[in-house]
Amino acid sequence: MRTTIQIFLILICSLTFGQKKLDGKYSNHFGEKIELKSDSTFLYSWNFDLASSWSTGKWKLDNNTIFLNVIPIMDTLKIVNNNKYSDSLILSSDQKGSLIKKEETLIKALSGGGKNRQKPPKKLYFRNGNLFRLTDNNEIDNKKYKQLSTDKKFKTFFYKTD
């Protein structure tokens with residue numbers, strides 16, 4: 001009986017304290033940010049100068065690999081031509097799908113930002129509290145790249161900011 005209780009307590013402690021706390025906000029030196037939410041959704045954003053991009057979707061963990069699946073948010077564009085109405089789906093410029101008019105698409109096209117202009121990585125590897133990009137061969141990308149605003153070189157991993 002005593003052994004059973006000890007095993008039970010060890011099991012509960014390992015499940016409680018052994019879990020990886022992945023959810024939170026991460027950034028890197030290249031204007032990218034990823035927020036992994038506890039409900040398995042994510043928000044990815046990229047900003048540089050006047051250009052920007054964002055994506056949303058779902059993430060899942062398999063061993064230490066995080067898979068990001070972008071889910072598009074669509075707006076319904078109402079088109080009127082010769083008193084005939086038709087609808088078309090286009091990527092939304094915000095995080096809520098809505099009914100829009102043709103004029104709104106022209107204004108959005110002129111902006112320096114929008115959904116999925118800079119795509120998030122498809123796979124990340126979680127190690128030591130950081131998120132590392134994986135190459136096509138599933139190897140951690142350890143190369144250093146030049147940051148656009150300085151001459152310094154940095155690795156592309158994401159570090160936790162909260």
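1. How many helices and strands make up the secondary structure of the protein chain? In this predicted model, the chain contains two helices and 13 strands. Of its 162 residues, 29% count as buried. The exposed surface of the chain comes to about 11,500 Å², with carbon and sulfur atoms supplying 55% of that area. Among contacts with a separation of 6 or more, 46% are between residues 24 or more positions apart.

2. The strands include an open, eight-stranded sheet with antiparallel pairing, ordered β10-β9-β5-β4-β3-β2-β1-β13. Its edges are formed by β10 (130-133) and β13 (159-160), each of which pairs on one side only. At the β10 end, β9 (residues 123-127) pairs with β10 in the antiparallel sense over four bridges. Within this pairing, Asn130 in β10 stands opposite Arg127.

3. Strand β2 (residues 32-36) can be followed through its two partners. Four bridges join β2 to β1 (residues 24-27) in an antiparallel arrangement, with Lys33 of β2 as the bridge partner of Ser27. The hairpin of β1 and β2 has four residues between its strands, and Gly31 in the turn has a positive phi of about 80°. With β3 (residues 41-48), β2 forms five bridges, again antiparallel; here Glu32 has Trp46 of β3 as its bridge partner. This second hairpin also has four residues between the strands, and Ser40 takes a positive phi near 70°.

4. In a regular strand the side chains alternate between the two faces of the sheet. Strand β2 shows this pattern: Glu32, Ile34 and Leu36 point to one face and are buried, whereas Lys33 and Glu35 point to the other and are not. The status of Glu35 can be stated further: a relative accessible area of 24% makes this residue partly exposed, because buried means under 20% and exposed over 50%.

5. The surroundings of Glu35 and Leu36 merit separate mention. Leaving aside neighbours within four places in sequence, Glu35 is in contact with Gly24, Lys25, Thr41, Phe42 and Leu43. The C-alpha atoms of Glu35 and Gly24 are 5.6 Å apart, although eleven residues separate the two along the chain. With the same neighbours set aside, the contacts of Leu36 include Leu22, Tyr26, Trp59, Ile66, Leu68 and Leu131.

6. Which residues have the most contacts inside the largest nonpolar core? They are Ile34, Leu36, Trp59, Ile66, Leu68, Leu124 and Leu131, in a core of 14 residues. Two or more core residues come from each of β2, β3, β5 (65-70) and β9. Strand β3 gives the largest share, three residues.

7. One aromatic pair is found in a search of the whole structure. The ring centres of Phe132 and Phe157 lie 5.3 Å apart with the planes at 35°, so the pair is tilted. Because Phe132 belongs to β10 and Phe157 to the loop between β12 (153-155) and β13, the pair ties together parts 25 residues apart in sequence. Phe132 is buried, with a relative accessible area of 8%, while Phe157 is partly exposed at 23%.

8. Two charged side chains sit over aromatic rings. Arg127 lies over the face of Phe132, at 4.9 Å from the ring centre; this is the Arg127 that stands opposite Asn130 in β10. The charged end of Lys60 sits over the ring of Phe67, 5.9 Å from its centre.

Technical notes: Residues numbered from 1 in each chain as written. Heavy atoms only, no water. Buried < 20%, exposed > 50% of the residue type's maximum accessible area, 1.4 Å probe, protein only. Contact = heavy atoms within 4.5 Å. Areas by Shrake-Rupley, 256 points an atom, 1.4 Å probe, with all protein chains shown as cover. Pairing = 2+ DSSP bridges. Core = buried A, V, L, I, M, F, W, Y, C linked by side-chain atoms within 4.5 Å. Phe/Tyr/Trp six-rings, centres within 6.5 Å; stacked < 30°, edge-to-face > 60°. Lys NZ or Arg CZ within 6 Å of the ring centre and 35° of its normal.
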